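Welcome! Please take a moment with the sequence and the 3D view, and then try the exercises below.

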Amino acid sequence: MSDASFFKRGAGLTVGDIGALTGAELGAGTDPARLITGLGPLDRAGPADLSFFDNPRYLDQLASSRAGCVIVAAKHLAAAPAGLPHLVAGNVHVAFAAAGRALFPAALTPAAILPAAGISPRAEIDPSAAIEPDVTIEAFAVVGPHARIGSGTVVSPGAVVGTGCTVGRNCRIGPQVSLSNAFLGNRVVLHPGVKIGQDGFGYVPGPEGLDKVVQIGRVIVQDDVEIGANSTIDRGAVRDTVIGEGTKIDNQVQIGHNVAVGRHCVIVAQVGISGSTTIGDGVMIGGQTGINGHVEIGDGAQIAAVSVVAGDVPAGARWGGIPAKPVRQWFREMRFLSELAKKGRSPRHDSDE
Amino acid sequence: MSDASFFKRGAGLTVGDIGALTGAELGAGTDPARLITGLGPLDRAGPADLSFFDNPRYLDQLASSRAGCVIVAAKHLAAAPAGLPHLVAGNVHVAFAAAGRALFPAALTPAAILPAAGISPRAEIDPSAAIEPDVTIEAFAVVGPHARIGSGTVVSPGAVVGTGCTVGRNCRIGPQVSLSNAFLGNRVVLHPGVKIGQDGFGYVPGPEGLDKVVQIGRVIVQDDVEIGANSTIDRGAVRDTVIGEGTKIDNQVQIGHNVAVGRHCVIVAQVGISGSTTIGDGVMIGGQTGINGHVEIGDGAQIAAVSVVAGDVPAGARWGGIPAKPVRQWFREMRFLSELAKKGRSPRHDSDE
Amino acid sequence: MSDASFFKRGAGLTVGDIGALTGAELGAGTDPARLITGLGPLDRAGPADLSFFDNPRYLDQLASSRAGCVIVAAKHLAAAPAGLPHLVAGNVHVAFAAAGRALFPAALTPAAILPAAGISPRAEIDPSAAIEPDVTIEAFAVVGPHARIGSGTVVSPGAVVGTGCTVGRNCRIGPQVSLSNAFLGNRVVLHPGVKIGQDGFGYVPGPEGLDKVVQIGRVIVQDDVEIGANSTIDRGAVRDTVIGEGTKIDNQVQIGHNVAVGRHCVIVAQVGISGSTTIGDGVMIGGQTGINGHVEIGDGAQIAAVSVVAGDVPAGARWGGIPAKPVRQWFREMRFLSELAKKGRSPRHDSDE
């Protein structure tokens, strides 16, 4: 990208540096001294930009790319036009990501909005809150009684850290975030509008309407969790809602009360997880998928996007569909029913006897 | 739960008190004088905690529970291990919820964030707004011209009560809520990030693009409604959007313009209701379900989660599926198609003639 | 509507004026001098209100309507009761919308919350921001360093315009909006809680968990775009996320990184569009639909609500279903499978050989 308006180019890295950093091998005829200062897609990258090629859909963009260097997989090497500087990587995405982090360290975590560090005189902070040194609390943020905030953390404008909440070190609490009844670990990133710790959804029929089931649990968010914009995580009813270490959650995800999500999970946008469900470590859940309450999803399971998980999913399984089932079975059923329907007429229904 | 960090234990109730309060009967060998001060799930509850057992999935937890008292149904009585204090209730959830409300009255409604009651000098309140006595308006909240706010109501940090809006008595307007063109009854609870009263979504094709259909209706939210975090309710086009008395709405629900939701409905997370649809009293809608515009759902209907309601649903009906149909038919069709697909080969297609 | 509480009636228009303005023809026996000052649905409109009839579902409301004038299509003319003043329009909705805009110009864009124009002393504005004359920035809004805001724009309470962002002229930035890494054109309307420009969702497996893929692109929102409450639009990874001129987006829509949406599209509530997808001009996408990443949807395509788009959709096509396919095929398949399932027994499965 020729104009990275919001993330300025730094001193850059040579192609050789990038190879060393990522373990990628220098392509034939590629000058290791060439300087790379930016990143770009194949069709936009200029001579100082690193790009990558992984999807055959974009072969024509590779053919005409002006990138300073392109990371390609060995299997796609033949597709690289002569004279295009390149690196050969075992995992193109991993190598490109490593280079990107080195070139743009400022993009690793959201920055404070306002340039003044420290505590804004226009933030509202209860005197009983315990704020470590080197915390930034921006204008119009609120920190309630007995809250604790660790050093290196930024609380953005309009965010609310409720009574008794703990926020660890080097966290980013985005604009308009609301935290209540929650404990956060270190290096947690909450994007704008995340709401954590409000009442779970529980009612019972009463004589004059619906009566509330009190929700006295907490939300525990472990280290290195990142949660996308406008996602909502309710506190537990009588146990805790837990988001495990290193788990990454996209925008507009809804997580109900008492849910336990394991470590290093990936949960894509608009997923909904109903109450009291348990999700193992390393689970991946595609976008818009809905997961029933009180089910268990085993470690390492992968659930396709837009699925509906009605019951337990075994560890390591790949499931999808409505309702979700093993991917192989799902594909076979979809193919079969589609074929059947294409024939467009009812099958014979005479007796087998 | 041994450490209810955010909701402190009070004086507590004896098991006998709880029986009297909930109508549950004292179990064999259970001491009515035992003191209960907290709530907990079977696997975490300690000797001063009340728990409940209702889901056979958790039988092993019942067997090893250290709870001070467990509420069980008569049909599960045999599962309770000898020596475990227990109460026997007709409806376990209703009894447990009643005890919970008595033990933790502070959890019935969200509390103000900051300890100071009254109107924060850091709130922005138009002089023409009519604020009754005993209202709390926290820092960085905004109350627009001619708005009216009833006594006992809390307006949280960052919330906006727009021009001319009415908020009744004993309401909770959560952090970062936006209200415009709306009238709220009494005891309404809006969780963080709820947006009520913005323009409905209406456009017509025009000579240079899409032209707006003005949205001049209102949103009427009746008494005792509770609305979950980040839910959105648009104002009507030329009529009102109405949420009926006692209805409970979960997080991230979307309600379009002109929708009328009846009384004492339950609408689970991520449901979307399209414009001009009418929903009767006592309707339950499962999570992620989508409801078409201009349809009518009769009183007491129940719609399964992740369904798509394309047309009218009769009163009292139980529907589900995509598109939604009576639950019995839906299950039968799913079973049949799944069986058919499992056979994995096309049925015979010769002529019946 | 007899009491348009939030949008006051003005001097009004005569029925003749409305006919001239909209191209609708005066109905038989209708007095062109009758004064219209409001809008209402058939069942609520009074003698000074304009209404419309287009949906045979509401025939009984037409029969008993007290409206001052009803816009009807020629094909429904026979349904209008004798004596009901009416206008006959080629497109009822277009005519009604044009009249509505003329009667309630204040409803065309959201108003500022507080009556004072200009920059509130309680807004936080970095001195390096460039604010044109005639900008309103309300209490508790934040404008970061080097941001630029065009004349006629309103920034509402609690909104955050991040470092270096550009907001064009006559925009409405609603309450609790967060903007970062974004350039907005003119006349852009962002409803409450919209979040634009936060990190796209990109991770790669690393030695100790998931490593971030830096997101250094921007969000470009062109002129006349309107975006609904609590929608989220992520910035690009190494290219930009773009929302084309005149496109209208409903509430709770999620748009991933690198997505390019064309001009004059309509995207209904709770839609999710995965990363790097390209959507042409004039595309319509029904509510709750999910669109896969890296697909292309051609100009003028229409996607039904609650569909799942797995691959490319040709220009001008009408698709729907899970997965989406041409509407005609989808309907045929649904009908066939439903018929098949209704028969409720397995078809014959003997050999064809």
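Three short exercises with worked solutions follow.

This is a predicted model, in which local features need pLDDT of at least 70, side-chain atom pairs count only at pLDDT 80 or more, and totals for chains, interfaces and linings use all residues. Residues are numbered from 1 along each chain as its sequence is written, chains are lettered from A and ligands numbered from 1 in the order in which they are written, and side-chain values use heavy atoms, with hydrogens and water left out.

**Exercise 1.** Find the turn and the shift that lay chain B on chain C.

*Solution.* Copies are superposed by least squares on the C-alpha atoms of residues with pLDDT of at least 70 in both. A turn of 120° and a shift of 0.0 Å along the axis bring chain B onto chain C, with an RMSD of 0.0 Å. The two copies are therefore related as by a three-fold rotation axis. Next, try chain A: a rotation of 120° with 0.0 Å of shift along its axis superposes chain A on chain C, at an RMSD of 0.0 Å.

**Exercise 2.** Describe the interface of chain A and chain C, starting with its buried area.

*Solution.* Begin with the area (accessible area, 1.4 Å probe, that two parts lose on being put together, summed over both). About 5700 Å² is buried between chain A and chain C, and carbon and sulfur atoms give 60% of this. Now count contact residues (heavy atoms within 4.5 Å): chain A brings 69 residues and chain C brings 78 residues. Then look for salt bridges (a side-chain nitrogen of Lys or Arg within 4 Å of a carboxyl oxygen of Asp or Glu). The rule finds 5 salt bridges across this interface. One of them joins the side chains of Lys212(C) and Glu226(A), at 2.8 Å from N to O.

**Exercise 3.** Is Gln198(B) buried or exposed?

*Solution.* First locate Gln198(B): its place is the loop between strand 20 (195-196) and strand 21 (203-206) of chain B, where strands are DSSP runs (E, at least two residues) numbered from the N terminus. Gln198(B) has 4% relative accessibility, so Gln198(B) counts as buried (under 20% relative accessible area, 1.4 Å probe, protein chains only). Finally, list its neighbors: leaving out residues up to four places away in sequence, Gln198(B) touches residues including Asp234(B), His191(C) and Asn251(C).

Notes. Buried < 20%, exposed > 50% of the residue type's maximum accessible area, 1.4 Å probe, protein only.
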